[in-house]
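Visitor: Please show me the model. I would like to ask how each label is earned.

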Amino acid sequence: MTRPYPGLHTYTQYEQEIVIWQCQPFDGRMDAVPGTISAVFEDGSFLMNCGDGRVLVRDYTVSGDAHLQPKQLLLSRDFTITMRKIVEAYIACHRDRPLAKRIVVRC
């Protein structure tokens with residue numbers, strides 16, 4: 001989901017968009033519901049709860065002046081919107097290698 005694809009999109013409660021470009025599994029612990037930030041570090045990276053543990057988010061962009069903080073819940077984006085953007089990016093970059101019609105139609 002990283003560059004050149006559209007990244008993983010999430011939103012703050014104030015509808016500020018966050019695009020996650022790089023994250024990695026951190027541990028199997030969950031201290032809140034999925035999407036909740038556990039900790040924010042001095043370098044800007046943060047821990048976020050997921051369905052089966054926490055991930056360390058290292059690279060991301062934020063729209064506006066969003067200030068991430070522990071216990072903040074990030075909201076998800078509809079999966080079909082993300083998949084549609086992935087297909088569009090693939091088609092734009094690889095015009096010589098078209099996708100199967102069944103994939104394009106579904107997205």
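Visitor: Which residues touch L73, apart from its neighbours within four places in sequence?

Guide: L73 is in contact with Y11, Q13, V33, P34, G35 and T36, once neighbours within four places are set aside. Contact here means heavy atoms within 4.5 Å. The model is predicted, with local features needing pLDDT of at least 70 and side-chain atom pairs pLDDT 80 or more, while totals for chains, interfaces and linings use all residues. Numbering starts from 1 along each chain as its sequence is written, and side-chain values use heavy atoms, without hydrogens and water.

Visitor: How far is L73 from I37, in sequence and in space?

Guide: They are 36 residues apart in sequence, and their C-alpha atoms are 6.4 Å apart. L73 itself sits in the loop between β5 (53–62) and β6.

Visitor: What makes L73 buried, exposed or partly exposed?

Guide: Its relative accessible area is 34%. Buried means under 20%, exposed over 50%, and partly exposed in between, with a 1.4 Å probe and protein chains only. So L73 is partly exposed.

Visitor: How are the strands ordered in the sheet?

Guide: The order is β3-β4-β5-β2-β1-β6, in an open sheet of six strands with antiparallel pairing. β3 (37–40) and β6 (75–76) are at the edges: each has a single partner strand, so one side of each lacks a neighbour in the sheet.

Visitor: How do you know that β3 and β4 pair?

Guide: Pairing requires that DSSP find at least two bridges between two strands. Three bridges join β3 to β4 (residues 46–50), so the pair qualifies, and it runs antiparallel. Within it, V40 stands opposite F46.

Visitor: What counts as a helix or a strand, and how many does the chain have?

Guide: Both are DSSP runs, numbered from the N terminus: H or I over at least four residues for a helix, E over at least two for a strand. The chain has two helices and six strands. From the N terminus on, they run β-β-β-β-β-β-α-α.

Visitor: Why is the link between D27 and R54 called a salt bridge?

Guide: The term asks for a side-chain nitrogen of Lys or Arg within 4 Å of a carboxyl oxygen of Asp or Glu. The closest N and O atoms of D27 and R54 are 2.6 Å apart, so the pair passes. D27 lies in strand β2 (residues 17–27) and R54 in strand β5, 27 residues apart.

Visitor: Which of the labels buried and partly exposed fits D27, and which fits R54?

Guide: At 26% relative accessibility, D27 falls in between the two limits, so D27 is partly exposed. R54 has 7%, which is under 20%, so R54 is buried.

Visitor: What other salt bridge does R54 form?

Guide: R54 also bonds to D31, with the closest N and O atoms 3.6 Å apart. R54 lies in β5 and D31 in the loop between β2 and β3, so the pair ties together parts 23 residues apart in sequence. Salt bridges with shared partners join D27, R29, D31 and R54 into one network.

Visitor: What brings R29 into it?

Guide: R29 and D31 meet in a salt bridge, 3.6 Å from N to O. D31 has 37% relative accessibility and is partly exposed. R29, at 48%, is partly exposed as well. The structure holds four salt bridges.

Visitor: What share of the chain is buried?

Guide: Of the 107 residues, 33% count as buried.
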